[in-house]
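Dear colleague,

I am handing over a structure that may be new to you, and I would be glad if you could look through it with the notes that follow. They go through it residue by residue and group by group.

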Amino acid sequence: MKNVKLPRISLVTLATILLWLKTYIVYKTSFDITIENAMQEFILFINPLSFLLFIFGLSLFFQSEKRRVLYILITSFIVSFVLYANAAFYRFFNDFLTLPVLFQTSNFADLGKSGSVTELLEVTDIFYFTDVILLLVIVKWFPTLVELASFTKVKRRAYFLFTIAVMFFNLGLAETERPELLTRTFDREILVKNIGTYNYHLYDIYLQSKSSAQRALADGSNLVEIENYVKANYAKPNDELFGIAKGKNLIIVTLESTQSFVINNTVNGQEITPFLNEFIKESYYFENFYHQTGQGKTSDSEFLLDNSLYPISRGAVFFTHSGNEYNSMAKVLKEHGYFTAGMHANNKSFWNRDVMYQSLGYDYYYSMKDYEVTEENSVGWGLKDIPFFEQSIAHMKEMPQPFYTKLITLTNHHPFIVEEEDKFIDEFTSDDKTVNRYFTTVRYTDEAVKNFIQQLKDAGLYENSIIVMYGDHYGISENHNEAMGQYLGKEVTPFVSTQLQRVPLIIHIPGHQGKVISKVGGQIDLRPTLLHLLGIETKNDLQFGADLFSEDHEDFAVLRDGSFITADYVFTDNVCYSKETEQPVDRSYCEPYMEKAAKELEYSDEVIYGDLLRFYDKENYYFETKEAK
């Protein structure tokens, strides 16, 4: 018995199996991936395998055992780190990393200062690297357990043929389960679920390279089909409201992370937004208005507001395409005699605003350097909303009129921290601290807005301005569905989750009575709506939104992930829901809108990736070609 040798396992095989099993465990514990049947579960289980077989198999070409071991250990750590980075990113953003996001490095320092990063890190995160530690222990102290001998050419060839077979087997099953899989690049969950996290990142690199090539190859002819679609969907202005605010200042307040469910609602018997509830009564309030942002979050909402184009599905337009030509609302208003400014008490380079605002044509960007920011008047991400508004009013008094200014609040931002003296409401009581704190920061912003409106009146700006307030994106992600279900008193299904993407839109026009408007719309509609109120026609503009006050406006909003909402139905996660019953219905009810939703996202992406507006002459409808140039 003493001479019996235990069979040894190849180090390549061991590393592959450990990381494969760990990846599947992370899929099930760290990501909220919807599984509808046994086949999808099987695909999810096998999808990391082909990549891991390939990446670890490259070690077989090393002749030196020492180099082979070192390569396997380093590779195992790097791949594990990629998996961990996705898990940490997913905790807040409920999304997977993309290559453009990784280049947004100027944002990372601010994340650390705000405390958001530490909120996302957990002590148990060491377990994401247990396989690396185990491999290191085996190689260092128990090398007899693993086989390190090199493969012959024949064995290497067989190994990689098997790897290719696994890859095609995976792709074949995935394509059967989800036809046209690789064309649905706006839905990262579907890609990860079917081809795996690692192959998804390789595909993402390919897409980034492709998008870079699109601009070089594009010319004006690409615009013809898009322009015809835009013209066919144009909604003419409301005769009674067109030009009703001509010559007035336009003041837009971005309500950071504010969702509609807090409006006219309470927590612990206390109103969450008492001032906004009253302000709505003397304003136009759109109760079925949706954010349409992607990975760019607040910057995406700004992009939608100014351009009436959809943000891209990967990364933030403010980073990836800041050098494009845009026909922004800021540029249009400048042409009509407006002074245009952005106001945000943050680092000027955050979301690349200092560069992008120049591309959008803003006259000036009031950033952190234009505000007095101290430890006493700051919390979380920076300057509190109350002093932000107070200092912004001083700047607005000096602006030439008429002016267009956009103010971006900060306090109601993850991790939703507010000091005790600034708590105007009690926290919610659940096991989820993020959700509990959210109500206190929303309430603080509401108080700040109350002060701001009074200060506008005191400064003599209120009566000569239209005031617009809108939520930029969700504050509570799907990772907090359990606590949200506790607050709402019902399960957060995919239907409910989509409805939670509603954000408030308030448009206050001096002298106008309040009115609640129930039509479905989104941030894409802001540009034409506001320009029409100011008496500026947009029928020749290349935009995908429509005037929310127009009788021709269709009840329709498409989200960046491909979900869409109509007057009666919600389509999300490939399921059609009835708004009336909140239950799934036959897919045929949603089919009339599926092509429109996909086409709008596709056309908008073409405009951005190809920088097509550089060829567009809206005065003459002339599409300039490379030859003409």
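I would begin with Ile74, which is found in helix H4, the helix that covers residues 65-93. Please keep in mind throughout that this is a predicted model. Ile74 has a relative accessibility of 45%, and because buried means under 20% and exposed over 50%, that value makes Ile74 partly exposed. Together with Leu70, Phe77, Ile78, Phe81 and Val82, Ile74 makes up a nonpolar patch on the surface, with an area of about 540 Å².

Helix H3, which spans residues 49-57, offers another picture, since 8 of its 9 residues are buried, so this helix is largely enclosed by the rest of the structure. The buried residues of H3 are Leu49, Ser50, Phe51, Leu52, Leu53, Ile55, Phe56 and Gly57.

Turning to the aromatic rings, the count comes to 49 aromatic pairs. One of them is formed by Phe318 and Tyr357, whose arrangement is edge-to-face, with 6.4 Å from centre to centre and 80° between the planes. Because Phe318 belongs to helix H15 (residues 317-320) and Tyr357 to helix H17 (residues 353-360), this pair ties together parts that are 39 residues apart in sequence. Phe318 and Tyr357 are both buried.

Phe428 and Tyr487 make up another pair, and it is edge-to-face because the ring centres lie 5.5 Å apart and the planes stand at 90°. This pair links distant parts of the chain, 59 residues apart, with Phe428 in the loop between strand E12 (403-408) and helix H19 (433-458), and Tyr487 in helix H20 (residues 481-488). Phe428 and Tyr487 are both buried, and they also belong to a cluster in which ring pairs link them with Phe261, Phe416, Tyr438 and Phe439.

Which residues does Asn436 touch, if those up to four places away in sequence are not counted? The contacts of Asn436 are Glu427, Phe428, Thr429 and Ser430, so that Phe428, a member of the ring cluster, is among the residues that Asn436 touches. Asn436 itself lies in helix H19, and with a relative accessibility of 6% it counts as buried.

Finally, there is a charge placed over a ring: Lys457 lies over the face of Tyr462, at 4.9 Å from the ring centre.

With best regards

How values were computed:
Residues are numbered from 1 along each chain as its sequence is written. This is a predicted model: local features need pLDDT of at least 70, side-chain atom pairs count only at pLDDT 80 or more; totals for chains, interfaces and linings use all residues. Side-chain values use heavy atoms; hydrogens and water are left out. Rings of Phe, Tyr and Trp (its six-membered ring) pair if their centres lie within 6.5 Å; planes under 30 degrees apart count as stacked, over 60 as edge-to-face and the rest as tilted. Helices (H or I, at least four residues) and strands (E, at least two) are DSSP runs, numbered from the N terminus. Buried means under 20% relative accessible area, exposed over 50%, partly exposed in between (1.4 Å probe, protein chains only). A charge sits over a ring if NZ of Lys or CZ of Arg is within 6 Å of the ring centre and within 35 degrees of the ring normal. Contact means heavy atoms within 4.5 Å. Patches are made of residues with over 30% relative accessible area and no salt bridge: like charges are joined within 9 Å, nonpolar side chains (Val, Leu, Ile, Met, Phe, Trp, Tyr) within 5 Å. Accessible areas come from the Shrake-Rupley method with a 1.4 Å probe; for residues, only the protein chains shown count as cover. A salt bridge is a side-chain nitrogen of Lys or Arg within 4 Å of a carboxyl oxygen of Asp or Glu.
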